[in-house]
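Q: I am new to protein structures and would like a close look at a single part of this one. Could you walk me through a helix and the sheet beside it, and then link them to the rest?

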Amino acid sequence: MKTLLNESAVSPSGGSGEVLAVRGGRALRGRVEVKGAKNLVTKAMVAALLGETPSILRDVPSISDVKVVRSLLEVHGVTVADGENEGELILDPSGAVAAHFEEIDAHAGASRIPILFCGPLLHLLGEALIPDLGGCRIGDRPINFHMDALRAFGAIVDKSYEGIRITAPNGLKGAHIELPYPSVGATEQVLLTAVKAEGITELKNAAIEPEIMDLIAVLQKMGAIITVEPNRVIFIEGVDTLRGYDHRAIFDRNEAASWACAALATDGEIFVGGAKQQDMLTFLNVFRKVGGWFDVREDGINFRRGGPLTPVTVETDVHPGFMTDWQQPLIVALTQAEGESIVHETVYENRFGFTDALVKMGADIVVHPHGLDGDYRRVAQRELEQAAVINGPTPLHGARIEVPDLRGGYSHLIAALTAEGESVVSGVGILSRGYEKLFDKLAALGADFDVIG
Ligand code: EPU
């Protein structure tokens with residue numbers, strides 16, 4: 001008898017605790033719908049703080065990261081209400097107030113989102129607080145680009161035992177900023193700050209991910225003047241006031257890629273409603289090279305195998321490269337490809353930890369912590385690179401595994417569904433951070449699992 005884990009049963013903090021027994025060896029078949037992208041929706045919610053009138057955001061997924069941002073906005077006095085239609089949020093910033101370190105800390109969970117409140121709060125209240133940066137919650141993911149950018153606008157950054165206090169006694173002024181790396185978060189930081197800073201901001205080496213372009217569209221609806229030039233240069237002309245927006249979020253291409261890889265790994269067929277080709281071109285090329293077949297339709301993309309799986313060499317990169325969030329589910333499929341595949345991770349320094357569990361399940365994966373010497377690398381100057389060498393095909397067998405993070409955890413689930421026999425997967429609560437109704441969707445696709453803890 002199948003017991004479905006409903007959303008409310010999944011820990012909203014992303015904390016672990018839920019355990020699934022998964023019986024694999026069954027192809028996933030059917031249709032899933034993806035809503036707005038986690039990595040746009042959460043930022044667009046923060047942007048609502050900049051408006052003088054309420055904003056409406058549509059296609060908001062019911063995921064715990066959205067709940068975290070909602071409660072952070074609420075502690076800052078923003079009224080957040082559900083609209084009439086599913087996935088609609090109405091955000092009214094007219095009562096915005098300062099919050100304390102402890103309140104922000106209590107609502108932030110493991111999220112880095114408080115960092116992006118800085119610009120809007122500085123414009124609104126002259127002060128922004130980021131709690132507990134010394135702890136492990138932000139882990140190795142630094143925020144130096146964010147702080148340097150805020151200083152360039154004229155903000156003063158003070159570190160105390162409670163966290164970081166940022167003030168702007170003389171207001172924020174447009175700046176010339178060149179990011180050392182096209183960081184998604186730092187680009188968003190600059191956009192959310194520059195739109196109301198006095199004068200013109202020039203941002204060089206900006207990230208240009210589709211979610212960033214969608215955030216720019218949100219800000220333009222609010223009255224911002226933002227010009228995207230060639231070669232990762234963005235100009236922002238500061239304006240005095242912004243109004244609320246009405247916006248339908250761009251679809252979640254990370255979730256779409258996750259389902260595509262699930263179809264590939266389990267030898268099933270999944271139609272991903274809401275997926276759009278334009279924002280997935282790089283992924284679709286790799287999907288095809290690996291032996292996948294896809295059919296782009298008006299309302300989504302259908303994914304399945306097109307024949308035997310073949311090995312590939314891919315390198316994660318900033319847009320328009322292959323996203324770092326796509327490699328984890330792809331690697332599960334690559335364990336079933338005939339021959340040697342290589343995946344280079346160039347965005348984060350430690351994003352292959354999840355492969356330990358796959359090895360435990362029978363995969364042949366060797367991680368080279370310092371990359372492979374002599375290989376061509378597009379981002380040769382990055383010291384972060386790691387490489388995973390995957391030799392296949394290897395049958396996977398059930399095992400006891402622990403979910404490490406969002407994308408690695410999803411790949412563990414697919415591996416368990418691909419494997420022969422039963423796996424016990426613990427810590428699945430963290431998956432609710434980015435996958436809406438994951439367990440309902442898996443059940444609808446024919447996955448065989450029980451909630452056992
Ligand atoms: N970096 C710094 N200093 C900074 C900021 C970033 O050194 O101040 C480094 C990071 O350590 C990393 C690289 O720059 O090595 C790229 O980080 P980036 O700032 O681009 O990432 P992010 O904004 O923290 C977002 C997504 C991630 C996604 C990355 C890359 C959100 C909430 N998160 O993170 O998504 O992997 O961009 O596209 O938008 C996920 O969805 O599971 C996820 C982790």
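A: Happy to! Let's begin with helix H10, which lies across strands E17, E18, E19 and E20 and runs at about 170° to E18. Please keep in mind that this is a predicted model.

Look at the helix itself. H10 covers residues 327-334, and 8 of its 8 residues are buried. Reading along it, you meet Gln 327, Gln 328, Pro 329, Leu 330, Ile 331, Val 332, Ala 333 and Leu 334.

Now turn to the strands that H10 lies across. They form an open sheet of 4 strands in the order E17-E18-E20-E19, with mixed pairing. At the edges sit E17 (313-315) and E19 (364-368), each of which pairs on one side only. On average, neighbouring strands in this sheet are turned by 15° against each other, ignoring direction. Strands of a sheet pair through backbone hydrogen bonds, and they may be parallel or antiparallel. Here, E17 and E18 (residues 339-345) run parallel and are joined by 3 bridges. To find one of these pairs, look for Thr 313, whose bridge partner in E18 is Ile 342.

For an antiparallel example, go to strand E6 (residues 127-131). E6 is joined by 5 bridges to strand E8 (residues 163-167), and the two run antiparallel. Within this pair, Leu 129 stands opposite Arg 165 of E8. Strand E6 is mostly covered, with 4 of its 5 residues buried.

Next, the interior. In soluble globular proteins, nonpolar side chains tend to be buried together. The largest nonpolar core in this model has 149 residues, and the members touching the most others are Ile 166, Leu 219, Trp 259, Phe 283, Phe 303 and Leu 442. Helix H8 (residues 253-266) gives the most to this core, with 9 residues. At least three core residues come from each of domain 1 (7-34 + 251-451) and domain 2 (38-248). Try zooming in on Leu 442: leaving aside neighbours within four places in sequence, its contacts are Leu 28, Trp 259, Leu 413, Leu 417, Ala 447 and Phe 449.

One last stop is Lys 38, in helix H1 (residues 38-47). An unreviewed UniProt entry places the feature "binding site" at Lys 38 and Asn 39. Lys 38 counts as buried because its relative accessible area is 9%, and the cut-off for buried is under 20%. Not counting residues up to four places away in sequence, Lys 38 touches Ile 63, Asp 65, Asp 252, Leu 406, Arg 407, Arg 433 and Gly 434.

Conventions:
Residues are numbered from 1 along each chain as its sequence is written. This is a predicted model: local features need pLDDT of at least 70, side-chain atom pairs count only at pLDDT 80 or more; totals for chains, interfaces and linings use all residues. Side-chain values use heavy atoms; hydrogens and water are left out. Buried means under 20% relative accessible area, exposed over 50%, partly exposed in between (1.4 Å probe, protein chains only). Two strands pair if DSSP finds at least two bridges between them. A nonpolar core is a set of buried Ala, Val, Leu, Ile, Met, Phe, Trp, Tyr and Cys residues joined through side-chain atoms within 4.5 Å. Domain bounds come from an automatic or database domain assignment. Contact means heavy atoms within 4.5 Å. Axes are lines fitted to C-alpha atoms, for helices over the stretch in contact, and angles run from 0 to 180 degrees between N-to-C directions. UniProt positions are given in the numbering used here, feature names are shortened, and annotations may be inferred rather than shown by experiment.
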